[in-house]
Amino acid sequence: MVVGVIIFGSGASKSIHPNLLGIQPVYAQRITPSDVWQLVYQQLPDFPRENKYISKENGKVAENNTLANRLIRYNIYTKGRSAIYRLDWKLTLADYLGVNEIMYDTSYPGNDSLRENPIEGDRKAIKSLTRSQRDALVQVLVNIFNPTSQNTPAPNPNTTPSPTTSTTPQPPQRGGAELLR
C-alpha cells in the first residue's frame with residue numbers, strides 16, 4: 001500500500017507549514033573548532049599540550065596554540081576531513097604516525113604563526129601515545145563534534161582490551177516476523 005501527499009498551490013507567497021508532515025526543524029548546537037581544544041584537555045588532562053612555541057606576532061609563548069588545537073585544524077582545514085567520524089580522525093592520526101598521507105611543513109597549522117614549525121614535535125608527541133590513548137583521543141573528539149555519538153563511552157586510556165571469546169553462532173529464533181505486526 002502506497003500513501004502519498006499531494007499539495008496544490010498557486011505559488012503566490014503561500015508557505016507550507018513546517019509541521020505539515022510532522023517534520024520538526026533541527027537546531028544544532030554550533031561547535032567552533034577553535035574552542036574544541038579546551039574541551040579535549042578537560043576530558044584528557046594528560047594529553048600533551050606542546051604549547052611552548054614562540055609566537056611570530058608578539059615574541060611570547062603561544063600557550064593557546066596547543067597540539068590538540070593544531071590536530072583539529074589539520075584534520076578539518078588542512079585535510080578537509082569530517083570531524084564527526086572516527087575514521088577521519090584515525091586517518092589524521094595515521095598521518096602523524098607517518099603511515100598514511102604525507103604531512104607538509106608549509107601547510108601545517110602553526111607554521112605561519114609560530115617561529116618554529118611544530119610539526120616534528122607534534123608527530124613525536126602523537127607517536128609517544130599508546131594505542132589506547134589514541135583511541136580515547138579519537139572518541140573524545142567524535143563525542144565533542146557529534147554529541148549524538150555519546151552513547152559509545154570513551155575508552156579508558158589506562159586499560160588494555162581483554163580478548164573476546166568466540167561463541168558458536170546461534171540459529172535465529174522463530175517468530176521474529178510476528179513482532180513486526
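Colleague: How many salt bridges does the count give in this structure?

Modeller: This is a predicted model, in which local features need pLDDT of at least 70 and side-chain atom pairs count only at pLDDT 80 or more, while totals for chains, interfaces and linings use all residues. Residues are numbered from 1 along each chain as its sequence is written, and side-chain values use heavy atoms, with hydrogens and water left out. Side chains of opposite charge can pair when their charged atoms come close. With a salt bridge defined as a side-chain nitrogen of Lys or Arg within 4 Å of a carboxyl oxygen of Asp or Glu, the count is five.

Colleague: Which residue forms a salt bridge with Glu 101?

Modeller: The closest N and O atoms of this pair are 2.4 Å apart. Glu 101 lies in the loop between α3 (86-97) and α4 (119-128) and its partner in the loop between α2 (67-78) and α3, so the pair ties together parts that are 22 residues apart in sequence. Helices here are DSSP runs of H or I with at least four residues, strands are runs of E with at least two, and both are numbered from the N terminus. The partner of Glu 101 is Lys 79.

Colleague: Are Asp 95 and Arg 81 buried or exposed?

Modeller: Asp 95 and Arg 81 form a salt bridge, with 2.8 Å between their closest N and O atoms. Asp 95 belongs to helix α3 and Arg 81 to the loop between α2 and α3, 14 residues apart. Buried means under 20% relative accessible area, exposed over 50%, and partly exposed in between, with a 1.4 Å probe and protein chains only. By that measure, both Asp 95 and Arg 81 are buried.

Colleague: Which residues are linked in a network of salt bridges?

Modeller: Glu 101, with a relative accessible area of 37%, is partly exposed, and Lys 79, at 26%, is partly exposed as well. The salt bridge of Glu 101 with Lys 79 and that of Asp 95 with Arg 81 involve residues of one network. Its members are Lys 79, Arg 81, Asp 95 and Glu 101.

Colleague: Which residue of helix α3 meets Asp 135 in a salt bridge?

Modeller: The N to O distance in this salt bridge is 3.0 Å. Asp 135 lies in helix α5 (residues 131-145) and its partner in helix α3, so the pair ties together parts that are 45 residues apart in sequence. The partner is partly exposed, at 34% relative accessibility. It is Lys 90.

Colleague: How many of the 15 residues of α5 are buried?

Modeller: Helix α5 is largely enclosed by the rest of the structure. The cover over its buried residues includes α1 (33-43), α2, α3 and α4. Among the buried residues are Ser 132, Arg 134 and Val 140. The number buried is 12.

Colleague: At roughly what angle do the axes of α2 and α5 cross?

Modeller: Contact, meaning heavy atoms within 4.5 Å, is made by Leu 71, Ile 72 and Ile 76 of α2 and Leu 137, Leu 141 and Phe 145 of α5. Axes are lines fitted to C-alpha atoms, for helices over the stretch in contact, and angles run from 0 to 180 degrees between N-to-C directions. The two axes come within 13 Å, and they cross at roughly 65 degrees.

Colleague: How many helices are there in the protein chain?

Modeller: From the N terminus on, the elements run α-α-α-α-α. The chain has zero strands. The number of helices is five.
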